[in-house]
Amino acid sequence: MAPASAAATEVEVTAWAAKDTSGHLAPFTFSRRATGPGDVKFKVLFCGVCHSDLHQIHNDWGGSLYPMVPGHEIVGEVTEVGSEVKAFKVGEIVGVGCMVNSCQTCDPCTRHLEQYCLKKVIWTYSDKDYDGTLTQGGYSTIMVCKQEFVLKIPTNLPLDAAAPLLCAGITVYSPMKHYQMDVSGKHFGVVGLGGLGHMAVKFGKAFGMTVTVFSTSPAKEKEAREVLGADHFIVSKDPEQMKAAAGSIDYIIDTVSASHPLDPYLSTLKLDGKLVMVGIPEKPLSIHAFSLTSARRFVGGSGIGGIKETQEMLDFCGEHNITCIIEKIPISYINTAMERLGKTDVKYRFVIDIGNSLKSEN
Amino acid sequence: MAPAAAATEVEVDAWAARDTSGHLSPFTFSRRATGPGDVKFKILFCGVCHSDLHQIHNDWGNSTYPMVPGHEMVGEVTEVGSEVKAFKVGEIVGVGCLVNSCQTCDPCTQHLEQYCGKKVWTYNDKDYDGTITQGGYSTIMVCRQEFVLKMPTNLPLDAAAPLLCAGITVYSPMKHFQMDVAGKHFGVVGLGGLGHMAVKFGKAFGMTVTVFSTSPSKEKEARELLGADRFIASKDPEQMKAAAGSIDYIIDTVSAAHPLDLYLSTLKLDGKLVMVGIPEKPLSIHAFSLTSARRYVGGSGIGGIKETQEMLDFCGEHNITCLIEKIPISYVNTAMERLGKSDVKYRFVIDIANSLKSED
């Protein structure tokens, strides 16, 4: 084919999509744009299943655009790069996370915090890009993305277990660095032990901290200690255990999106303690001002992470051999996986083996 | 007199509340003899803090009576103990909210005595020797030197007294949470004793200052007297909306229940809101207000002694004092009533020396 017309051709993509708020996922075909001068195109090998995918296929947040191909923990192999792309080459293993575009000029963008773009950050799926196209995610065979939002995956990491770093990993890594919850020897707490929580424990140990897990499920203790390396485990529904932990912890990452009172966790923090929410409960948080003023504590929030810091996190994981604990599934299992995810029945992330189970129709 | 006089307790004239009615009236009690590490001073002025109003009425459930309130006291040293080097007779000093702490724990060694697990409040508390502490609505104070502060000599003493609580309560978090950067945009919620000091410090740090208030009538003074650059009537949704994402940090001085999401939405990326007021009911904050722009909500209480001295020195250098209404002790019950209705600009200060006469 002549270079001009081939480069200008859209690419047909095989995927699974939700078509309505039932959230039922089924085979679906759509087109992605032709690889532009600044684009990277890659064959998707694996895609993590994030709790956000579950929320969005059901329109829990009210902005869902259908048909929706979810998936923002995408890893694959580059098949084509645009003429202006220097940083990536064919055959390289890359990833795309939660964002595919931003204005690139506002203050947050220039500070490499694209997720806070003042104009509009474009989410990897269920969003409208600047050119009007509906973005579609990683439960698909092929991805085309502008190079500024493509990440290099460390070659020593197993790709399936690395995929969830692109959302779950960065969502806890970013606040741990930003709020300086990464000081060796300090005491770090994690509330909730799911996709985000288990990564927070892993990073906590990697930063050399003593780690306490707070969970409502006593059944999770064995694995928290033996598999993840947690030093302490506190059943948060047990007032005695919570009381015994009073003023013992330097910082806490709270990953829980269900409604829960914060005062008991705040009371476990020392003077100048910090609690950062990465889960987003729908109902307002309930915090007594006295929990903050009595020991100069604060409650902060954080959302995913910028591209530069996501690359830093991936490199850190490559150096320290950190990946996620996953359950690998074929695409055909996805609806069952969503059901189980709704009951938090997964250790600790489903990852779809796209390369082996989602075949291109062509 | 023989040295044994140094061992004599001193009789003090004061006004005290005797029960939860909070009614204040003349009262006499004894303070300890000046110990080797103590400073004794004749009280000249004492500020009236909203905490005084709360505690005379037992609003916090832990009041013991009779209670002599007052933790913004300024006076002249009349005697120092043998181990006291830093203070001398005739010097003008002050005592704020604390009179003792363990001095050895982690917060104490970090000069954050207010977070000591064994701290002792200036009034309505029990000191380590078992005595009930009594505050500054009295003629004489005896305090261990570690909790005595030097007042800058160039400041009018009556207007400087409220720095000892109102001043440090906003100065401390503004420094600790780094809300003191010239050119930044600083917001203050509430314009009372704490709020007006926050505005003054905000301007002194070179920031653009926005005042949020439920009372539109406060705008003129906020701008003209305090130097505020912007005034937003917080009950007006249009004004609040127009301020979205414009502010770097906020100090919130309001103790009445109020929703925080609206104020949080005025903060930029990485914005900070720090509570120094302590509403009784839980704060209501949507996690999304925090996660959507990486903001945080913190809290802070008064300040340690070292930083209180730093603040006083800063005020001395920059000529910063409080806007006050000076009153005789006989007016204090009316003052408490007016304070309950926030009817004061912006702190009552009792002229102790001229109105509370020692019976002797």
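Which side chains meet in a salt bridge, taken as a side-chain nitrogen of Lys or Arg within 4 Å of a carboxyl oxygen of Asp or Glu? The pair is B:Asp270 and A:Arg111, with 2.9 Å from N to O, and the count between chain A and chain B is one salt bridge. The model is predicted, with local features needing pLDDT of at least 70 and side-chain atom pairs 80 or more, while totals for chains, interfaces and linings use all residues. Residues are numbered from 1 along each chain as its sequence is written, chains are lettered from A in the order in which they are written, and side-chain values use heavy atoms, without hydrogens and water.

Turning to the wider interface, 34 residues of chain A are in contact (heavy atoms within 4.5 Å) with 34 residues of chain B. The two chains bury about 2,700 Å² between them, 65% of it on carbon and sulfur atoms; this is the accessible area (1.4 Å probe) lost on being put together, summed over both. On the chain A side, A:Tyr116, A:Thr293 and A:Arg296 lose the most area to chain B, together 24% of what that side buries.

Within chain A, strand E18 (residues 349-352; strands are DSSP runs of at least two residues, helices of at least four) pairs with two strands, pairing requiring at least two DSSP bridges. Strand E3 (residues 39-49) runs antiparallel to E18(A) over three bridges, and A:Cys47 has A:Ile352 as its bridge partner. Strand E17 (residues 326-329) pairs with E18(A) in the parallel sense over four bridges, and A:Glu327 stands opposite A:Phe350. From E18(A), A:Arg349 and A:Val351 point one way and A:Phe350 and A:Ile352 the other, and all are buried (under 20% relative accessible area, 1.4 Å probe, protein chains only).

Note on methods. Buried means under 20% relative accessible area, exposed over 50%, partly exposed in between (1.4 Å probe, protein chains only).
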